[in-house]
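Reader: Please take a close look at the surroundings of the ligand, and then relate that part to the rest of the chain.

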Amino acid sequence: MNIPDLLRTLPSVDRLLHLPAVSALAGTHGRERVTAAIRSLIADERQRILHEGSGAIAEDRWPAMIAERLEREARPALRRVVNCSGVIAHTNLGRALLAPEAARAAMEAGAANVNLEYDLTLGERGDRDALVEALLERVTGAPAATVVNNNAAAVLLALNSLAEGREVIVSRGELIEIGGSFRLPEIMAKSGCALREVGTTNRTHLVDYERAINERTGLILRAHTSNYRVIGFTAAPEPRELAALARARGLPLAVDLGSGTLIDLRPFGLPREPTVQETLAEGADVVTFSGDKLLGGPQAGVIVGSAPWLAKIKKNHLRRALRTDKMTLAALEATLRLYENPEAAIRAIPTLRHLTRPVGEIREVAQRAAAILREAMPEADITLLDDVARAGAGSLPEVDIPSVSVAIKSPALSPGGLAAWFRGLQTPIIGRVENDLFRLDMRCVDDPESVRPRT
Ligand SMILES: *Cc1c(COP(=O)(O)O)cnc(C)c1O
């Protein structure tokens, strides 16, 4: 057959629309979506015919093809994935998983009217901060608090409120860039403050801060270096000394903690991380931290500190542009409530549970996961591998957290090909390729069934 004859074997849109199996699809997907799917499938088929010089597929195969296309298009863009990356709070995979209590609170707040800014006693307008302020005070010891969209917003708001048009003193060792384009010098410029760098990359002394203070100084900032570490010949003033200097000069001392953990994780074999409570006790006036890093809550930026400085921050009109929604506040409140019992919080908050999980337990899950995968992929070579996980999101930088992975070798697919195949599953499974070996890290997998591949 010549090309025009081959193209004539293509059915018309109308003909396909009237096939009973296709018109049934219009009930679920709507006639317009079905018509659009048919048009695009016919266009694809036309291309195939021109390319391959063979006739159109048989009419009885069209309904299944149309249904498949419609289902693929109806899949949400934001989908659940299984995190086997070995990075616990993976920024690209949505960081912290909410505890069930927090997820439920967010869902209920989303679907209902709530007293977000409504004082139920007085029957008049209230303050959304009041919802979490008392709780934040109890778990951090801070006299005042506010919550914004994320920690980048918290830093921006704190700097703009306390030091706009003035100089902010920062150690050169703390001028950080965090993944996803959070750069302290840029945030500083956007907040209307002038950066005053002191010291060197590896060593900054109290006297460096002291000498930099002048009549234009508005604030002293300490920033957690999060995703990197300076090791070797280093120096920084004791937090208490710096706080005393700030106080003596009447300047606020702000500390950007980044992760902002509320629990000392050393009993779980992890290194010391300054907690929010300690940082406040050491004399910081304002402390900012993320809601969805080590805290294990929703994306949010928390600002805690002394009442007069917080009052200035709350009066800033910029806060209106950075405010959180009711679902975030609901999830944050529920998460913070779990911290009122720290031992229970470790088990209830997935981020903390995954971070502190004993390797023996991970190995058990890995064994069961390997059995499931061997059954599903009989041709593959599947073994357990002692591996190393990370906290992620700039938390606990460079800290090796022992873990167990399921390593997979396939006769047909390269390591990169295997990674792509797992990403293409109905519920994508995100592993990683390291040393030319594809592996699924089990530290964040609670139920081995979640790695059963479904195409
Ligand atoms: C992660 C981080 C931020 C940004 O926090 P987000 O909640 O991601 O906006 C700011 N400062 C430090 C030190 C961080 O580690």
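**The ligand and its surroundings**

Author: The centres of domain 1 and domain 2, taken over C-alpha atoms, are separated by 39 Å. The assignment, whose bounds come from an automatic or database source, splits the protein chain into domain 1 (3–74), domain 2 (82–89 + 354–451) and domain 3 (97–348). The model is predicted, and local features need pLDDT of at least 70, side-chain atom pairs count only at pLDDT 80 or more, and totals for chains, interfaces and linings use all residues. Residues are numbered from 1 along each chain as its sequence is written, and side-chain values use heavy atoms, with hydrogens and water left out.

The ligand is surrounded by 13 residues (a heavy atom within 4 Å of the molecule). The closest are Ala152, Ser226, Asp256, Ser290 and Lys293. Helices and strands here are DSSP runs numbered from the N terminus (helices H or I, at least four residues; strands E, at least two). Helix α8 (151–163) and strand β10 each supply at least two residues of this shell.

Three N or O pairs can be listed, each a polar contact (N or O atoms within 3.5 Å; within protein, one atom must be able to donate a hydrogen and the other to accept it, and residues adjacent in sequence count only if both atoms are side-chain atoms). A nitrogen atom of the ligand is 2.6 Å from an N or O atom in the side chain of Asp256. For Ser290, an N or O atom of the side chain is 2.5 Å from an oxygen atom of the ligand. A polar backbone atom of Asn151 is 3.0 Å from a ligand oxygen. Taken alone, the ligand exposes 380 Å², and the protein buries 93% of that (accessible areas come from the Shrake-Rupley method with a 1.4 Å probe, and for residues only the protein chains shown count as cover).

Asp256 also leads to Thr288, since the side chains of Thr288 and Asp256 make a polar contact at 3.1 Å. Thr288 is in strand β11 (residues 286–290) and is buried at 4% relative accessible area (buried is under 20%, exposed over 50%, partly exposed in between; 1.4 Å probe, protein chains only). With neighbours within four places in sequence left aside, Thr288 is in contact (heavy atoms within 4.5 Å) with residues that include Asn151, Ala154, Val255 and Asp256.

Leu251 sits in the loop between α11 (239–248) and β10 (253–258). Leu251 is buried as well, at 10%. Beyond its neighbours within four places in sequence, Leu251 touches residues including Ile213, Thr217, Ala246 and Asp285. The C-alpha atoms of Leu251 and Ala307 are 15 Å apart, with their places 56 residues apart in sequence.

Elsewhere in the chain, Arg95 lies in the loop between β1 (82–83) and α6 (100–111). Arg95 has a positive phi of about 50° although it is not a glycine, and Arg95 is buried at 19%. Asp436, in the loop between β16 and β17, likewise is not a glycine and has a positive phi, near 60°, but Asp436 is exposed at 62%.

Counting cysteine sulfur pairs within 2.5 Å as disulfides, the total is zero. The sulfur of Cys84 has that of Cys444 as its closest cysteine sulfur, at 8.3 Å, too far for a bond. Cys84 is buried at 0%, and Cys444 is buried at 14%.
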